[in-house]
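Student: Could we go through this model together, a step at a time? I'd like to practise reading a helix and its surroundings.
Tutor: Happy to! Let's look at it first.

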Amino acid sequence: MFSKEDQRSWLKIQCARGRTARQCHQGLQEACGAAALPYRTVARWVRAFRQGRESDRNLMIRELAQDTGLAPSTSHPERSPENAENCLKMGSA
């Protein structure tokens, strides 16, 4: 139905309109049903958008790392968030 990126974009718009995390999550549940993002993720993104983050790339990398169980680390390049992102891209190709 709606991808994670689609839902994130919709959240940005709703934050700009002054909606709360709870209101945003409820809207996603109505539109996406069981495919809606978890409330915790919605709340984290709403908080980030309210703090003025225009670029959410780092937030997405952290989310990918959490979803896959990988720990983002700069001390181990093979386990870096960018590597995790690339692995996911290759896996979906």
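Student: Which residues of α2 are buried?
Tutor: Keep in mind that this is a predicted model. A residue counts as buried under 20% relative accessible area. In α2 the ones that qualify are Ala21, Cys24, His25, Gly27, Leu28 and Cys32.

Student: Within what arc do the buried residues of α2 fall, seen down its axis?
Tutor: Look along the axis of α2 and follow its buried residues: they line one face of the helix, because their arc is limited. On the other side, Arg22 and Glu30 are exposed. The arc that holds the buried residues is 160 degrees.

Student: What covers the buried residues of α2?
Tutor: Here we look for what lies over that buried set, which has Leu28 among its members. The cover includes two helices, α1 (4–16) and α3 (39–50).

Student: How far does α2 reach from its first C-alpha to its last?
Tutor: α2 spans residues 21–32, which makes 12 residues. At 1.5 Å a residue, the expected value is 16 Å. The model comes close to that, with a reach of 16 Å.

Student: Is Met1 buried or exposed?
Tutor: Met1 sits in the segment before α1. Met1 touches Ala31 and Cys32, leaving aside residues up to four places away in sequence, and its C-alpha is 6.9 Å from that of Cys32, though the two are 31 residues apart along the chain. Even with those contacts, its relative accessibility is 77%, so Met1 counts as exposed.

Key
Residues numbered from 1 in each chain as written. Predicted model: local features only at pLDDT ≥ 70, side-chain atom pairs only at ≥ 80, totals over all residues. Heavy atoms only, no water. Helix = DSSP H or I, 4+ residues; strand = E, 2+ residues; numbered from the N terminus. Expected span 1.5 Å × (residues − 1). Buried < 20%, exposed > 50% of the residue type's maximum accessible area, 1.4 Å probe, protein only. Arc of directions from axis to C-beta. Contact = heavy atoms within 4.5 Å.
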